[in-house]
Structure formats: C-alpha cells, structure tokens
Amino acid sequence: MTEKRPEMTDTLPSMIFGPASDAAIPLYLLTPNEVEAWRDNLGDVARTWVEASGFGGAFGQVCVIPDASGAPAMAAGGLGADKAQRRGRYAAATIRKALP
C-alpha cells in the first residue's frame, strides 16, 4: 500500500523523508521573515520557549520546542535570509546535523 503524498502548498512543497510514525514531530523550515508570524501562532509556552531561545531563522539555526513533559514536541530550522541561502544550498542538511 502506498502512502498518500501531501499536495503542494502555495509556498513550498510538502516533503516526506520517511514513513509516518507516531514518534515523528513537526519540523518547520523558516526564513527570518517568516519566524514572527509562525511564532505568534504558537501556544503561550511554545512561543515563550522560542523567544527565550533567540531563534530567528538564521541559516542552520535550530530550536527544539518541548512539550509539558520535556519531550520534543516540534522543531524549527532556519533557512537564513536570501543572501545566506545563495551562499549555501544545503540549509536543511545543516539543520539535520543539529537536531537531536
């Protein structure tokens, strides 16, 4: 049985890197211009965590946001501004190295 692939979004295609798993957590890849709107849509605790971490979407920057028990609930990775993206094409690879 094949897995249904997500549809393209208005901005970036959805990406699947492996089979679905209950242990998987969301990973948000963001530019500095997208961070504020994304952060403002988080719950209070997650928003406070992101603000305290100083996550701003810089190239390769990572923020792992815990749930109430301290386990990772989601993560954000920085794609960098346009200039940083032009210097290095592999922001996602850089982010992957920094994830637990």
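Buried here means under 20% relative accessible area, exposed means over 50%, and partly exposed covers what falls in between (1.4 Å probe, protein chains only). The model is predicted, with local features needing pLDDT of at least 70 and side-chain atom pairs counting only at pLDDT 80 or more, while totals for chains, interfaces and linings use all residues. Residues are numbered from 1 along each chain as its sequence is written, and side-chain values use heavy atoms, leaving out hydrogens and water.

On to the aromatic rings. Rings of Phe, Tyr and Trp (its six-membered ring) pair if their centres lie within 6.5 Å; planes under 30 degrees apart count as stacked, over 60 as edge-to-face and the rest as tilted. By this rule there are two aromatic pairs. In the tilted pair, Y28 and W38 sit 5.6 Å apart, centre to centre, with 50° between the planes. Y28 belongs to strand 1 (residues 27-30) and W38 to helix 1 (residues 32-40), so this contact ties together parts ten residues apart in sequence. Helices (H or I, at least four residues) and strands (E, at least two) are DSSP runs, numbered from the N terminus.

As for exposure, Y28 is partly exposed at 33% relative accessibility, whereas W38 is buried at 11%. W38 also pairs edge-to-face with F55, at 6.3 Å centre to centre and 70° between the planes. That pair links distant parts of the chain, 17 residues apart, as F55 lies in the loop between helix 2 (44-53) and strand 2 (62-66). F55 is buried too, at 5% relative accessibility. Ring pairs thus join Y28, W38 and F55 into a cluster.
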